Amino acid sequence: MSTSHPAARRALRRLPLNAAAALTVVICLFPVYWMVTTAFKPSTDIQSYDPHLVPRAWTFDHFHKAVGADGFALFWRNSILVTLSAVLLALVVALGAAYAVARMRWRGRRQFMLAVFIAQMAPWESLIIPIYIISRDTGMLDRLPTLTLIYFMITLPFTVVVLRGFIAGIPPELEEAAQVDGCTRAGAFRKVAFPLLAPGLMATSLFGFVTAWNEFTYANFLIIKQQDSRTLPVWLSSFQSTFGTDWGATMAASTLFALPALIIFLALQRHVTAGLASGGVKG
């Protein structure tokens, strides 16, 4: 009996925290649940004044309408192309910058990281007017490479900061030992340090993908005349008209739009949460 009382007291102390965590999960997931269930509801149930948490009837008509909408496949391709290009470009550039900051000593290193932090904190929406003017004057409006460069700039500061922390957490003795065995500095990084960066690369890739995949403002303001260059976030607004909003098709399209980010998160979460291997070199 004496051993059960401490366990019961610990359970009681954890009860408020568990309740708060459960409430947070419900609050965060309820909009997603409502979006998905609305996508399967008939239009009569969606417009009903008596909403139901669980659909009384199920239909795939809204998904058929969303998939059959004009430009669905084209805008899906545009979003995939722009997002993956921006993420890969940010990873390549940030990896070099993060390695230089974490492993090398050069004048202005601290000032460089300060500038990266400032860029990370800057609200990118405030730059939409100068970016629009620059894009207009250089003939870069209505072009997918413009969105790719913008998403690259948005995700680059975060990627540099995170990768710098991961590289700094890897003991430099591992690379030095590889160099003693005959590897060059680049070869030592590629064979020893780079495999240990998997969690950092996964985390930054996930952040960059979600950021670029969901971005709407720049895609809406910089793609004006060339409708074929639009992305999925802008395509979602096509279900609104002067006669109102087709909520069923909008929710179905939003559900399809959220699937890639969800799939990538589920595929990478194990790697993102994994810790770095903390090896060492014996004397």
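Okay, let's start with D137: its relative accessibility comes out at 56%, so this residue counts as exposed. Keep in mind that we're looking at a predicted model here. Who is D137's partner? The side chain of D137 meets R136 in a salt bridge, at 3.2 Å from N to O. R136 has a relative accessible area of 44%, and that makes R136 partly exposed.

How many salt bridges does the structure hold? There are four. I'll take you through two others.

Next up, D45 and R56. These two form a salt bridge, and their closest N and O atoms sit 3.0 Å apart. D45 belongs to helix α2, residues 43-46, while R56 is in the loop between α2 and α3, with α3 covering 61-67, so this pair ties together parts that are eleven residues apart in sequence. Now, is each partner buried or exposed? D45 is buried, with 15% relative accessible area. R56, on the other hand, counts as exposed, at 55% relative accessibility.

Then there's E175 with R103. The closest N and O atoms in this salt bridge are 2.8 Å apart. Which parts of the chain does the pair link? Distant ones: E175 is in helix α8, residues 172-180, and R103 is in helix α4, residues 72-103, which puts the two residues 72 apart. As for burial, E175 has a relative accessible area of just 4%, and the cut-off for buried is under 20%, so E175 is buried. R103 comes in at 15%, so R103 is buried as well. As a general reminder, side chains of opposite charge can pair when their charged atoms come close.

Right, let's move from the salt bridges to the pockets. The largest pocket has a volume of about 340 Å³. Thirteen, or 13, residues line this pocket, and the closest to its centre are V32, M35, A258, L259 and L262. Which elements give two or more residues to that lining? They are α1, spanning 4-40, α10, spanning 198-214, and α13, spanning 247-273. Of these, α13 gives the most, with six residues.

And what is the lining made of, in terms of nonpolar, polar and charged residues? Eleven are nonpolar, two are polar, and no charged residue is part of the lining.

So, to pull up the two pictures once more: on one side, the E175 and R103 salt bridge, linking helix α8 with helix α4; on the other, the largest pocket, with α13 as the element that gives the most to its lining. That's it from me, thanks.

Terms used
Residues numbered from 1 in each chain as written. Predicted model: local features only at pLDDT ≥ 70, side-chain atom pairs only at ≥ 80, totals over all residues. Heavy atoms only, no water. 1 Å grid on protein atoms, 1.4 Å probe; cavity = no way out; pocket = protein on both sides within 12 Å on 5 of 7 lines; lining within 4 Å. Points joined across faces, edges and corners; volume = space filled by probe spheres on them. Helix = DSSP H or I, 4+ residues; strand = E, 2+ residues; numbered from the N terminus. Nonpolar A, V, L, I, M, F, W, Y, C, P; charged D, E, K, R; others polar. Buried < 20%, exposed > 50% of the residue type's maximum accessible area, 1.4 Å probe, protein only.
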